[in-house]
Amino acid sequence: MSVFTKFLRGWQFRDSSPSLTVGDECSVFVAETNSDGNGHVYIGDTHLLVEGAGPETAEKRVRIEVTEFDETNATGRAEFIEVVGESSYTN
Amino acid sequence: MSTDNSDSPDADPSESFVQDTGEEGPRIEFYGGRGMSAFPIVFFILWAIAQTAFWRISDEGGLVIGILVGLIGGMFFVRGDWKTYANTIFEGMTQPVAVTAIVAWIWAGMFAQLLQDGGFVDGLVWFANTAGIGGALFPAATFVLAAVFTTGIGTGYGASIAFVTLFFPAGLLLGANPILLFGAILSGAIFGDNLAPVSDTTIVSAVTQDSDIGGVVASRFKYVIVAAIVAFAGYLVAGQFMGGLGIGGDAQELLVAESEPIGLVHLLSMGVVIGTAVAGRHIVEAISWGIVVAAVSSLALGLLSLGDIVSFNAPADAPLSQPLEFLPILTVVENPDDVGVGGSLIQGAAGFFELAILVLLIIAAAQIMIRGGAFQAILDWSIENLATNVRNAELTMVGSAALINAVITINTAAEVAIGPYISKIGERFNLNGYRRANILDAQTAALGYIFPWSGGVLAGYSAMQELPGEFEWFDTGMLVTPIDVVPFVFQGWLLVAVFIIAALTGFGREYIIDRESEEVARL
């Protein structure tokens with residue numbers, strides 16, 4: 001990306017509930033996890049339940065693959081792949 | 001903290017859940033509950049408000065004592081062994097966030113001082129004089145020039161002092177309104193403090209949100225420029241309606257005396273830093289290139305001598321002082337008090353030494369709060385009551401950053417203290433590091449130059465109080481009272497407004513899935 005292009009990124013109004021496509025792989029922060037080993041991810045107001053993201057992934061950045069997505073309610077499911085990063089501030 | 005078995009993505013987000021319990025590090029128990037772990041930082045904030053807002057003492061040394069007393073006081077509330085508390089202080093101080101910010105500041109300080117000593121402001125004075133700007137247009141022009149200057153040197157406080165000293169009296173003679181003119185100077189300082197890659201607040205905003213400084217600068221341009229265009233129009237219009245003092249006198253004479261067109265060469269030094277940082281080079285590399293360009297061009301064009309950049313004052317009885325006195329960087333001095341090292345580089349770097357100690361201690365106090373549980377308690381409450389969706393989360397980030405910067409005069413200290421909170425709220429909604437850093441720094445830059453107790457206003461006002469002694473025609477009645485300038489710091493108010501609108505409309509919002517900020521390379 002050129003220097004000039006970097007200044008032009010983000011001149012847009014971004015939806016508060018972004019859409020995802022089944023099969024998408026992305027890295028995101030896990031907000032919290034359930035006792036049954038599933039994690040909750042919020043991308044704006046879009047809510048994903050991440051299967052296999054246990055308590056050790058809470059507040060960490062993880063790689064996931066989207067497996068289901070409902071555009072109307074902005075909710076879906078994803079599969080945990082791996083932990084790829086930490087929060088800026090780790091407890 | 002509790003658990004549930006909800007496995008539906010439609011479930012209420014406020015349901016109970018397992019959060020990071022922080023088992024990775026030791027916990028600290030406090031008498032009076034986990035809220036008491038906030039004692040050091042709360043004590044510091046109260047100290048900072050009393051010192052800087054009530055007594056108007058902008059002394060970072062005083063704030064260092066405030067946080068030290070807070071850390072000592074907090075220890076008395078610890079249950080059991082105090083060793084864990086003491087170790088947590090070290091744990092906080094050795095976090096990469098603090099070290100990265102301090103290293104970047106030292107580099108930025110050297111670069112900024114080279115530009116100041118190398119006559120950058122004199123080049124801008126020449127431009128203002130050559131353009132032949134009249135009194136009504138002078139505030140708008142001053143805003144633009146102060147913005148350019150601050151974007152080069154990074155320090156809005158330095159810009160306030162330089163512009164109040166040089167542009168303020170010239171503007172008064174040209175018939176510009178003094179309140180509007182002071183407001184324009186402060187607005188320019190906000191612009192640069194917010195945008196410059198060498199600004200201390202830009203650096204803190206980037207490193208606390210795990211983002212690269214060049215990327216942060218490029219991504220925040222859209223907010224800064226929108227506010228600046230409206231502010232510029234505001235100064236143009238207000239300049240037509242708000243008259244001057246009708247002093248008369250020769251403004252040109254005043255401007256010519258400080259005019260030096262070659263100083264504009266530092267637009268190149270500034271461009272090198274911004275260009276290389278935005279192109280993705282490490283900030284230390286980008287600023288180093290800026291230092292080289294500024295030093296070489298200043299030396300080549302006669303703006304600075306080698307001794308101005310670095311100078312050694314050695315005593316006459318030192319073994320090699322007299323034989324090497326021919327060196328341009330060495331001076332033999334008779335008075336023992338004059339012995340030392342000086343010049344732009346050390347002066348620039350030393351300007352950040354006190355702030356560096358302060359930031360280490362604030363981050364240590366924040367770590368106590370994290371280990372003791374108060375931080376999590378505040379976060380849980382915020383998520384449940386304030387940051388209930390992404391819009392409210394961004395409004396909460398804007399509000400909390402604005403509030404702490406409104407009450408603590410030294411905005412960098414306020415920014416470091418609120419950084420972890422902004423990070424956690426933003427990460428929960430997967431807002432990327434650039435967006436988080438931009439929300440944080442806009443409020444920090446804006447609120448640091450608006451209120452009568454703000455550091456930027458105090459810096460400019462202090463310089464203004466010297467003017468009656470410098471010019472015969474300048475009487476104390478021409479001084480602008482800090483409270484009067486509050487509504488006229490257009491860039492500050494507009495920047496806050498832009499971010500409230502951006503939070504409500506999603507303007508400029510970026511999620512981590514849209515673009516990941518590049519982490520600042522650790523040193």
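Q: Which residue meets Lys424(B) in a salt bridge, N to O at 2.8 Å?
A: This model is predicted. A salt bridge needs a side-chain nitrogen of Lys or Arg within 4 Å of a carboxyl oxygen of Asp or Glu. At 2.8 Å, the side chain of Lys424(B) meets that of Glu59(A). Lys424(B) lies in helix α19 of chain B, and its partner sits in the loop between β4 and β5 of chain A, so two chains are joined by Glu59(A).

Q: Is Lys424(B) buried or exposed?
A: Buried means under 20% relative accessible area, and exposed means over 50%. Lys424(B) has 6% relative accessibility, so this residue counts as buried.
Its partner Glu59(A), at 10%, also counts as buried. For Lys424(B), the answer is therefore buried.

Q: How do α19(B) and α20(B) run relative to each other?
A: Helix α19 covers residues 411-428 of chain B, and helix α20 covers residues 433-447 of chain B. Their axes are 10 Å apart, at an angle of about 150°. Angles over 145 degrees count as roughly antiparallel. So α19(B) and α20(B) are roughly antiparallel.

Q: What is the handedness of the crossing of α19(B) and α20(B)?
A: These two helices pack with their axes 10 Å apart. Their crossing is right-handed.

Q: Which residue of chain B forms a salt bridge with Arg14(A)?
A: The closest N and O atoms of this pair are 2.7 Å apart. The pair crosses between chains, starting from Arg14(A) in the loop between α1 and β1 of chain A. The partner lies in the segment after α24 of chain B. It is partly exposed, at 27% relative accessible area. The partner is Asp514(B).

Q: How many residues apart are Arg371(B) and Glu91(B)?
A: Their side chains meet in a salt bridge of 2.7 Å, N to O. Arg371(B) is buried, with a relative accessible area of 3%, while Glu91(B) counts as partly exposed at 28%. Arg371(B) is in helix α16 and Glu91(B) in helix α3, distant parts of the chain, and the separation is 280 residues.

Q: How many salt bridges does the structure hold over all chains?
A: Among the salt bridges are those that share partners and join Glu51(A), Glu68(A) and Arg77(A) into one network. Over all chains, the total is 13.

Q: Which residue of chain B belongs to the nonpolar surface patch with Phe4(A)?
A: Phe4(A) is in helix α1 of chain A. At 60% relative accessibility, Phe4(A) counts as exposed. Leu8(A) and Trp11(A) also belong to the patch, which has about 400 Å² of accessible area together. The member from chain B is Val226(B).

Note on methods: Residues numbered from 1 in each chain as written. Chains lettered and ligands numbered in written order. Predicted model: local features only at pLDDT ≥ 70, side-chain atom pairs only at ≥ 80, totals over all residues. Heavy atoms only, no water. Patch = residues over 30% accessible without salt bridge, like charges linked within 9 Å, V, L, I, M, F, W, Y side chains within 5 Å. Areas by Shrake-Rupley, 256 points an atom, 1.4 Å probe, with all protein chains shown as cover. Helix = DSSP H or I, 4+ residues; strand = E, 2+ residues; numbered from the N terminus. Buried < 20%, exposed > 50% of the residue type's maximum accessible area, 1.4 Å probe, protein only. Axes fitted to C-alpha atoms, helices over the stretch in contact; angles between N-to-C directions. Parallel < 35°, antiparallel > 145°, perpendicular 65-115°, else oblique. Left-handed = near helix turned anticlockwise from the far one by under 90°.
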